[in-house]
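This report describes how two protein chains are arranged, how they meet DNA, and how their strands pair. Please keep the sequence and the structure in view while reading.

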Protein chains: 2
Amino acid sequence: MKIQNITIKDIAKALDLSYSTVSRALKGSYKISEPVRNKVIAYANEHNYRPNLLAQSLKNKNSRCIGVVLCNIPNSFFAEVISGIESVAYTKNYLVIITQSHESYEREIQALENLTWRSIDGLLISLSTETSDCSHIAALHAKGLPVVFFDRVSEDFKTHLVKADNEGGAYDLTNHLLHQGYRRIAQITSPAHLSITQERIAGYKKALSEAGQPIDESLIKYCEHGGMLFEEIETAVSELFDSGNPPDAIFAASDRLTLGTLSILKKMGKSIPGDIGMAGFSNFSEPELFEPALTTIKQPAFEMGKTAAELLIQLIESKRPVTEFEKKVFPTELKARASTNRKISVAY
Amino acid sequence: MKIQNITIKDIAKALDLSYSTVSRALKGSYKISEPVRNKVIAYANEHNYRPNLLAQSLKNKNSRCIGVVLCNIPNSFFAEVISGIESVAYTKNYLVIITQSHESYEREIQALENLTWRSIDGLLISLSTETSDCSHIAALHAKGLPVVFFDRVSEDFKTHLVKADNEGGAYDLTNHLLHQGYRRIAQITSPAHLSITQERIAGYKKALSEAGQPIDESLIKYCEHGGMLFEEIETAVSELFDSGNPPDAIFAASDRLTLGTLSILKKMGKSIPGDIGMAGFSNFSEPELFEPALTTIKQPAFEMGKTAAELLIQLIESKRPVTEFEKKVFPTELKARASTNRKISVAY
DNA sequence: TTTATCTGGGCAAACGTGTGCACAGATTAA
DNA sequence: TTAATCTGTGCACACGTTTGCCCAGATAAA
């Protein structure tokens, strides 16, 4: 921007002081006499002095920016996470730069390059569905860039992790479906290499096992693009129904998959929850407005964003290298609604 | 970031050249001989040289960042706008910094201060509901900051405007409701001082007038916070129904108002579209999933973001001061669905 | 041969801050 | 009175780039 702001030099000239005196008076760092300091501060306030962040960053090799890489912004879950991140960054005076990977490994790498080129002090990242190898992130981390994983995490290297209790959420939801009398419960989910997928499948299988139900791997459908392509959800659903032994309930493992599946079931004319039960992970704000009102597992997205940002800033501002890392796991919340309400509570 | 990148100085030392020669060779700007230039470029590529953007910005007084101020990210409309902005910025190599006003005038000012402090090259802004006076933006514009308004625009000063055809959209929707046989059509809308509100009311009134219907100002309810407070929507709805002469259809003027109103009507046990017709401006991705499937006016949000970003970058990169400004108006799209389907087409 | 022009490249200052060092004057200790 | 210490301030360089100006050597013109 071409807007001319007042600089330290201007103040120095006006008060007939050296640059360094002004700088030190403003920072309050060094031995500057009271009268001089007050004079400088008064002048600075009066003329609305704002230090030039670019110059400070160049000098100090920090930028007070944190970079965020996530899949895409319109997704309800991530939109809420962003709000959480911003709420912390705002008070700590960091700027948040958001980039989207659009579930693509290549774009994730580009986003990361762009961010590091722009000088960020730290990175918050949720892996894209295509990402199975984290060496691009590990390399930055090894060079000293503080990193916090959230949501879709990796344990390829040690750092703070912030995630939902995906296993617990999937367990709760599967149990709920079982209690409602559903028996052949399918899961439509993200690629198998993602942490969230593994955990959500683990919870699902755990609930089934505990209930003495068989586990049928053909009921688990992986969408390689996490539902970015509508057709992959369609394929998954039709495979389930064309199998000769269709499910009586579907559990979708993400926001997009949930909405996509619901949409397809309605198009197929399935009656929910009669013909088939339907539920999923979703942070959409008004799931009760759907037909039928949708049973969801909701993640505390805002809190997760907040915590991730707090941990990251703590990492950035730590004087000593941090060696003890935290793994924050947030409970999920099951909201049972009409879409799984068979009104038959079966004992087993 | 503490990551040490290779600098021009490193290249200069390695090749035994001066800094300036290296700089000029890389920029391709000045008289540098072929062999020297090639040598420099080869070395730079080999060692993965990236110019330090902070230093460049400091020197050139531009930052290759554009600032965006909007109400809030989780809103479907704005989330799509952001995607549009990013798609352009990405190819033109600008970074997008998104800030939220949360519909507050004060936070809008803070966001703006933060952005300018951070050095942005241009600004995209959609006014908060509380903003009636644009002098804070005009001041920046007067200082030379390129500004493009989108969505909620102001004509306080001359610049590019990007908006939807709000009047046309409201006209179409009102007409649709009239054709469906609704007669007492209410509008729940944003504060009266906003451009979008005025236009949406104008279209609504125009359709009513043309149909020979009376205009009842008591059917227009303004939500001072644009629906950020759920209670204000509740108040608006209950006032409509408690008036003794309730509406037979409600037209909500924004994403949040639409979802909020629908939610309240359902809680009240109203039958839609029987008791009351319901429709609104909304960019939610799957309105057909609602109960009932929701009639919407959809704005081309992605296109709007794209165009706004293009105009802004054009402004930023223009050599001469621009004096001719454009006003881009995008058509909206009416999607009639069950929530307004009375199945009685009344001639009038 | 001398002078003017061109070509390629280096010097150094600048953008706005931060900071190690030096130094003048005042105070204290010997 | 002299030496040691403390206090407050200024000088100058650094961060990484960019750019106006200058200059050495080569070439062309006179």
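In this predicted model, chain B can be laid on chain A with an RMSD of 0.1 Å. The operation that achieves this is a turn of 180 degrees, with a shift of 0.0 Å along the axis. The two copies are therefore related as by a two-fold rotation axis. Both copies use the same surface, since 100% of the contact residues of chain B recur in chain A.

**The surface near DNA strand C**

Which residues come nearest to DNA strand C? Of the 27 residues around this strand, the nearest are I8(A), T21(B), R24(B), V36(B) and K59(B). By class, the surface near DNA strand C comprises eight nonpolar, ten polar and nine charged residues. On the side of the DNA, 56% of the atoms of strand C within 4 Å of the protein belong to sugar or phosphate, and the rest belong to bases.

Individual polar side-chain atoms can be located as well. In Y49(A), such an atom lies 2.8 Å from a phosphate oxygen of DNA strand C. In S18(B), a polar side-chain atom lies 3.0 Å from a phosphate oxygen of DNA strand C. The side chain of S20(B), by contrast, has an N or O atom 2.9 Å from a base nitrogen of DNA strand C. The elements that give two or more residues to this surface are α1 (8-15), α2 (19-27) and α4 (53-60) of chain A, together with α2 (19-27) and α4 (53-60) of chain B.

**The surface near DNA strand D**

DNA strand D is surrounded by 27 residues, and the closest are T21(A), R24(A), K59(A), I8(B) and Q56(B). How do the residues of this surface divide by class, and how many are charged? There are eight nonpolar, ten polar and nine charged residues near DNA strand D. Of the atoms of DNA strand D within 4 Å of the protein, 57% belong to sugar or phosphate, while the rest belong to bases. At least two residues of this surface are supplied by each of α2 and α4 of chain A and α1 (8-15), α2 and α4 of chain B.

The table lists side-chain atoms and the atoms of the two DNA strands that lie by them.

| Side chain | DNA atom | Distance |
|---|---|---|
| Y49(A) | phosphate oxygen, strand C | 2.8 Å |
| S18(B) | phosphate oxygen, strand C | 3.0 Å |
| S20(B) | base nitrogen, strand C | 2.9 Å |
| T21(A) | phosphate oxygen, strand D | 2.4 Å |
| K61(A) | sugar or linking oxygen, strand D | 3.2 Å |
| R24(B) | base oxygen, strand D | 3.0 Å |

**The six-stranded sheet of chain A**

In chain A, six strands form an open sheet with parallel pairing, in the order β2-β1-β3-β4-β5-β11. Which strands of chain A stand at the edges? They are β2 (95-100) and β11 (327-330), each of which pairs on one side only. On average, neighbouring strands of this sheet are turned by 15 degrees against each other, direction ignored.

One pairing within the sheet joins β1 (residues 65-70) and β3 (residues 122-125) of chain A, which run in the parallel sense over four bridges. Within this pairing, I66(A) has G122(A) in β3(A) as its bridge partner. Helix α5 (residues 76-92) of chain A packs on the sheet, where α5 touches β1, β2, β3 and β4 (147-150) of chain A. The direction of this helix makes about 160 degrees with that of β2(A).

**Further strand pairs of chain A**

Strands β9 (residues 277-281) and β10 (residues 295-298) of chain A pair in the parallel sense over three bridges. Here, A279(A) has T295(A) in β10(A) as its bridge partner. Strand β10(A) is also joined by three bridges to β12 (residues 333-335) of chain A, and these two strands run antiparallel. In that pairing, the bridge partner of T296(A) is K335(A) in β12(A).

**The six-stranded sheet of chain B**

Chain B likewise has an open sheet of six strands in the order β2-β1-β3-β4-β5-β11, with parallel pairing. Its edge strands are β2 (95-100) and β11 (327-330) of chain B, each pairing on one side only. From one strand to the next, the twist averages 15 degrees. Strands β1 (residues 65-70) and β3 (residues 122-125) of chain B pair in the parallel sense over four bridges. In this pairing, V69(B) stands opposite I125(B) in β3(B).

Technical notes:
Residues numbered from 1 in each chain as written. Chains lettered and ligands numbered in written order. Predicted model: local features only at pLDDT ≥ 70, side-chain atom pairs only at ≥ 80, totals over all residues. Heavy atoms only, no water. Near = heavy atom within 4 Å. Polar contact = N/O pair within 3.5 Å; in protein donor to acceptor, adjacent residues only side chain to side chain. Nonpolar A, V, L, I, M, F, W, Y, C, P; charged D, E, K, R; others polar. Least-squares fit on C-alpha atoms with pLDDT ≥ 70 in both. Contact = heavy atoms within 4.5 Å. Pairing = 2+ DSSP bridges. Axes fitted to C-alpha atoms, helices over the stretch in contact; angles between N-to-C directions.
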